[in-house]
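Work through the exercises below with the sequence and the 3D structure at hand, and try each task before reading its solution.

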Amino acid sequence: MEGKDEDVRLGANKYGEKQGLGTVAQDRDYKEPPPAPLFEPGELTSWSFYRAGIAEFIATFLFLYISILTVMGYSRADNKCKTVGIQGIAWAFGGMIFALVYCTAGISGGHINPAVTFGLFLARKLSLTRAVFYMIMQCLGAICGAGVVKGFQPGPYQVGGGGSNYVHHGYTKGSGLGAEIVGTFVLVYTVFSATDAKRSARDSHVPILAPLPIGFAVFLVHLATIPITGTGINPARSLGTAIIYNKQINNWNDHWIFWVGPFIGAALAAVYHTVVIRAIPFKSK
């Protein structure tokens with residue numbers, strides 16, 4: 001027993017906690033990367049820039065295609081017990097984000113969401129040029145994805161609401177806005193935490209597959225907010241279905257909620273991670 005105790009003691013000393021109580025101690029084994037420039041004209045002549053935009057387009061296209069098809073299958077059924085239910089819809093959204101982030105993270109960062117792009121831009125993780133380009137490609141991909149779903153089944157698409165987002169009966173616009181703010185905060189905060197290079201360096205003994213917690217966050221937020229707004233937390237997703245469906249009056253009356261809410265939530269997550277968690281503005285140069 002004494003030998004085992006000695007092994008435990010030596011092991012504890014060998015693999016001691018490296019994280020200090022303050023940010024200064026944490027900086028010893030990690031150097032903060034410089035912030036991305038606001039404008040980077042050189043990007044416009046780089047193929048990798050356009051390749052990343054194409055990756056965002058394709059990923060958002062596939063995201064809308066699979067997720068909205070799942071919603072349509074649920075909406076058109078005469079008996080909801082025969083469908084995947086709300087849980088299945090949430091899994092479709094979260095599972096697709098998991099798969100697509102895994103596929104595109106090394107190319108574009110795997111944003112697939114203007115709110116995520118906006119949050120990372122505020123944290124100076126990418127330039128304004130790239131952020132705007134990503135958002136445009138994401139919105140175009142979402143419109144095309146929803147359009148293909150409607151092309152496959154135009155009748156059920158219109159009857160089933162097209163997967164569009166609006167504040168559901170029994171809830172106020174304030175409730176819908178709050179749900180979108182908090183839901184997007186959860187998502188973007190998870191993105192920051194799962195992709196934090198400093199955390200990866202500090203906790204290298206804890207393996208983490210970044211797309212997994214991101215996809216799981218999308219799944220959980222959908223479980224919570226589908227009854228309220230149908231869950232937006234992604235302005236491109238909301239815009240794509242709104243343009244292709246374009247019938248229900250609430251479809252456009254409530255549409256501002258699905259831009260303002262996610263952008264506020266993303267901004268709060270960026271500020272929280274950058275200022276509170278990482279305390280980057282307070283570090284000595």
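The exercises that follow concern a predicted model, and they go from the whole chain to one pair of helices and then to one residue.

**Exercise 1.** Determine how many helices and strands the protein chain has, and what share of its residues is buried.

Solution. Begin by counting the elements, which gives 13 helices and 0 strands, so that, by this count, every element read from the N terminus on is written as α. Next, turn to burial: of the 285 residues in the protein chain, 46% are buried. Finally, consider the surface, where the accessible area comes to about 14500 Å², and carbon and sulfur atoms account for 66% of that area.

**Exercise 2.** Describe how helix H5 and helix H13 pack against each other.

Solution. Two packed helices are described by the angle between their axes and the distance between the axes. For H5 (residues 114–122) and H13 (residues 257–277), the angle is about 35° and the axes are 8 Å apart, while the crossing is right-handed. The contact involves Pro-114, Ala-115, Phe-118, Gly-119 and Leu-122 on the H5 side, and Pro-262, Phe-263, Ala-266, Ala-267 and Ala-270 on the H13 side. Sorting these residues by character gives 9 nonpolar, 1 polar and no charged.

**Exercise 3.** Is Gly-155 buried, partly exposed or exposed?

Solution. First locate Gly-155, which lies in helix H7 (residues 154–159). Its relative accessibility is 38%, and because the partly exposed class lies between 20% and 50%, Gly-155 counts as partly exposed. As a last step, compare positions along the chain and in space: Gly-155 and Arg-76 are 79 residues apart along the chain, and their C-alpha atoms are separated by 9.9 Å.

Definitions and conventions. Residues numbered from 1 in each chain as written. Predicted model: local features only at pLDDT ≥ 70, side-chain atom pairs only at ≥ 80, totals over all residues. Heavy atoms only, no water. Helix = DSSP H or I, 4+ residues; strand = E, 2+ residues; numbered from the N terminus. Buried < 20%, exposed > 50% of the residue type's maximum accessible area, 1.4 Å probe, protein only. Areas by Shrake-Rupley, 256 points an atom, 1.4 Å probe, with all protein chains shown as cover. Axes fitted to C-alpha atoms, helices over the stretch in contact; angles between N-to-C directions. Left-handed = near helix turned anticlockwise from the far one by under 90°. Contact = heavy atoms within 4.5 Å. Nonpolar A, V, L, I, M, F, W, Y, C, P; charged D, E, K, R; others polar.
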